[in-house]
Amino acid sequence: MRELLRAYFSRRTLVSLYNLFFTLSRKLLTSFPLSLLMPKSNDADVAESEAVPLLDLAKPSLPISFPIKSLQDLKSRSYFDSFHFQFNRSTVPLRRGSDDLPNRPRVLVCHDMKGGYVDDKWVQGCENDAGFAIWHWYLMDIFVYFSHSLVTLPPPCWTNTAHRHGVKVLGTFITEWDEGKATCKEMLATKESAQMYAERLAELSTALGFDGWLVNIENDIDEEQIPNLKEFVSHLKKVLHLSKPGALVIWYDSVTVRGNLQWQDQLTALNKPFFDLCDGIFVNYTWKESYPKLSAEVAGDRKFDVYMGIDVFGRGSFGGGQWTVNVALDLLKRNNVSAAMFAPGWVYETSQPPNFHTAQNKWWSLIEKSWGIVQTYPQVLPFYSDFNQGFGYHVSLEGRQLSDAPWYNISCQSLQPLLEFNEEDNKDIIHVTVDAREASFNGGGNIAFRGNLKGDACFTTRLFKPHLQLSSSPITISYSVKSDETSKLGILLSFSSPSQETKSILVAPQDSIRRFNDMFLQCLDTSAQTVSEWTVHETSLVMDGHTLTEISAFCYRPENSTKSAEFVALLGHISIKDHVQYQQKSETLLLASSWVIEAHNIELVPGNSGSKILRVNLEWKQKHLEDYVLPRYNVYAENVKSTDLRPRKVLEKPRSETVFLGVAHVPAYYVAELVVESDVKAVRFVVQACAEDGSLGKLDEALNLLVELEGISSKYIS
């Protein structure tokens, strides 16, 4: 371990020296490899990102994500024996129309945040509401999780949310420096060993639910082992494609076919043999203006599989990255090749003003302006979004606040709106933002509309760009709003007819939409229900043969409004579902009788002031559809103080106290530190199923399990 740490800090020193050298003599810099393009951070960051807690990974503990650091661990399949394996599986399938990538220039984003495995390593989430997140998935096709460990396994939170938006996710296999050369020498000793390690990688991505690998060999290779390196790459692609249609293997422009570590910065005869064996190549960052065109010519019909690297930190990249990243993107788009953007966490790590949320939206608006929108969603029903960005300051359920604690869990991120960035500080316009600090209908997110709006004016802004083909079956649209009587909010739906005619329908409350009848094909009034301080609107319509192409918000005043021009409204959620196709299945899955639940690894240890700490692993499964997993489950606990432990309704008062514990995205949840008072006889755990359309199982009829505390020792009970 000491040697590994020494090697790691040595690499950090080299990074700092290299960055300093580049700053002083930029013109002399001709090659800046991926292994060195690592954002500078202090020793505390290094310790935080690199360290896996010193614990026995086979024993129960708070679930974490972690990399594989040695060939021996990869070969032995020890990862699958860890307690944490079951929690690291992504359960969200890739949502897109085809397994294949689109036939156009694409955008690959390579995440590298302080070395990886920071707040995102906590699978069940953590309390750092200021953790790093990405929510502009509609601007990318592929997401790579990157760190400097041998095998970088993407934490499931990234795969879950990327898949929800139609974005493929890759892990990273990297060897570098002298240690990497020794690793490759062992891995490529024979054709059979090369194949075996390729199969181990394919097995990991298939089991954990992500979509393939970035292969980054940044060390010299003995020339006699090049045939085995080719075999490793081709066999990895072959096995992956057999087990997971649409999987990807992307080669990083580093070692050449002669075995030399020699970055080409373009597609050449020295790296094309690897490109020919893969699904694409990630070209090193220090390319010149003419290189994209030359690479496209070499790639021929596969020019979209050439991903030209751009370092967002700007070190050696054409155009300078940072706030001029669009300069490189514009050039790549003109030359009809793809882009690979490395370390978009630059915005976060360098604390760009005025705050991360605003700076993040501003930076990604450059990508949209240059490249355009590349993902359209939703494409299938049901569609649901509560605009949750994967972090927040409270948790709500149907307008009722469950928790006021800060939290971070990217897996909780719902489909993100495609809000247009507006930097103007102008109170005479409506500013539209996702604002997690405001009240939420579900989860911890909402869309806030604030500004001035004159009585006879209206304001429209896009929320989603779907491509949703509709049938003769009725669809139901619902949305929730929190506002006063002077600020009204409707949903504007745009359709394309079979003859390419555009139609718009306004969905809004009946008492205030008469004056808009001339503006739209139709105005549909909603039925309204008040939940807490939220009003839930709902209506149904049939648009047989039409395609839903845009979902927008429509802000307006009631007729004859004479009050202040100030407009404030919160949008809590939007849902569109086809009841005929989905309702029966959804209702069945939400029933407690459809599931079974068990408790494992129970441990009770002394706490403070006579209390005790309960640790337990909860696991549940569908009785008849054992492989079916819902997108999320809310987990609660209630202390039972009575000696009467007979089954009863979950929320019966005053004999119990129910506490929201968290959210699970696999059918398991580890309760790590539940404090129970000395007079508590048992704890009842409650699991509330949540369906894809946002509907919830009834809490007082939810799946539950009583764990009696009497007789539990401090040893694990399985």
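**Backbone features, helix packing and nonpolar cores of the predicted model**

Arg77 is placed in the loop between helix 3 (71-76) and strand 1 (107-111), where helices (H or I, at least four residues) and strands (E, at least two) are DSSP runs numbered from the N terminus. The structure is a predicted model, in which local features require pLDDT of at least 70 and side-chain atom pairs count only at pLDDT 80 or more, while totals for chains, interfaces and linings use all residues. Residues are numbered from 1 along each chain as its sequence is written, and side-chain values use heavy atoms, with hydrogens and water left out. The phi angle of Arg77 is positive, near 65°, although the residue is not a glycine. Arg77 is partly exposed, with a relative accessible area of 34%; buried means under 20% relative accessible area, exposed over 50%, and partly exposed in between (1.4 Å probe, protein chains only). Ala343, likewise not a glycine, has a positive phi of about 65°. This residue belongs to the loop between strand 9 (338-342) and helix 11, and Ala343 is buried, with a relative accessible area of 0%.

The protein chain comprises 13 helices and 32 strands. Of its 718 residues, 59% count as buried. Among contacts (heavy atoms within 4.5 Å) between residues at least 6 apart in sequence, 76% join residues at least 24 apart.

Cis peptide bonds were found on both sides of helix 12 in the sequence. Pro353 and Pro354 are joined by a cis peptide bond with omega of about 0°, and Pro354 lies in the loop between helix 11 (346-349) and helix 12. Tyr377 and Pro378 are also linked by a cis peptide bond, with omega of about 0°; Pro378 is located in the loop between helix 12 and strand 10 (383-385).

Two packed helices are described by the angle between their axes and the distance between the axes. The axes are lines fitted to C-alpha atoms, for helices over the stretch in contact, with angles from 0 to 180 degrees between N-to-C directions. For helix 10 (residues 325-334) and helix 12 (residues 356-371), the axes come within 9 Å and cross at roughly 20°. Helix 10 and helix 12 are therefore roughly parallel to each other, a class that covers angles under 35 degrees, with over 145 counted as roughly antiparallel, 65 to 115 as roughly perpendicular and the rest as oblique. The crossing of helix 10 and helix 12 is right-handed, that is, the near helix is turned clockwise from the far one by less than a right angle. Helix 10 contributes Val325, Asn326, Leu329, Asp330, Leu332 and Lys333 to the contact, and helix 12 contributes Trp363, Leu366, Ile367, Ser370 and Trp371. These residues divide into seven nonpolar, two polar and two charged; Ala, Val, Leu, Ile, Met, Phe, Trp, Tyr, Cys and Pro count as nonpolar, Asp, Glu, Lys and Arg as charged, and the others, Gly among them, as polar.

The axes of helix 6 and helix 7 (residues 226-243) come within 8 Å and cross at roughly 35°, and this crossing is right-handed. The residues of helix 6 that meet helix 7 include Lys191, Ala194, Tyr197, Leu201 and Thr206, and their counterparts in helix 7 include Asn228, Phe232, His235, Val239 and Ser243. The contact of helix 6 with helix 7 divides into nine nonpolar, six polar and three charged residues.

The largest nonpolar core (a set of buried Ala, Val, Leu, Ile, Met, Phe, Trp, Tyr and Cys residues joined through side-chain atoms within 4.5 Å) holds 158 residues, of which Phe173, Trp213, Phe232, Met341 and Leu571 touch the most other members. Helix 6 (residues 191-208) gives the most to this core, with eight residues. A second, separate core of 27 residues includes Ile602, Leu618, Leu630 and Val687. Beyond its neighbours within four places in sequence, Leu571 is in contact with residues including Phe387, Asn446, Phe449, Tyr479, Val481, Ile491 and Trp534.

Two buried loop residues were also examined. Gly444 is placed in the loop between strand 15 (431-434) and strand 16 (447-452), and is buried, with a relative accessible area of 0%. Gly444 and Gly392 are separated by 52 residues in sequence but lie 5.4 Å apart in space, C-alpha to C-alpha. With neighbours within four places in sequence set aside, Gly444 is in contact with Asn388, Phe391, His394, Trp407 and Ala436. His546 lies in the loop between strand 23 (534-541) and strand 24 (547-556) and is buried, with a relative accessible area of 10%. Under the corresponding exclusion of sequence neighbours within four places, the contacts of His546 include Leu468, Leu470, Phe495, Pro498 and Lys503.
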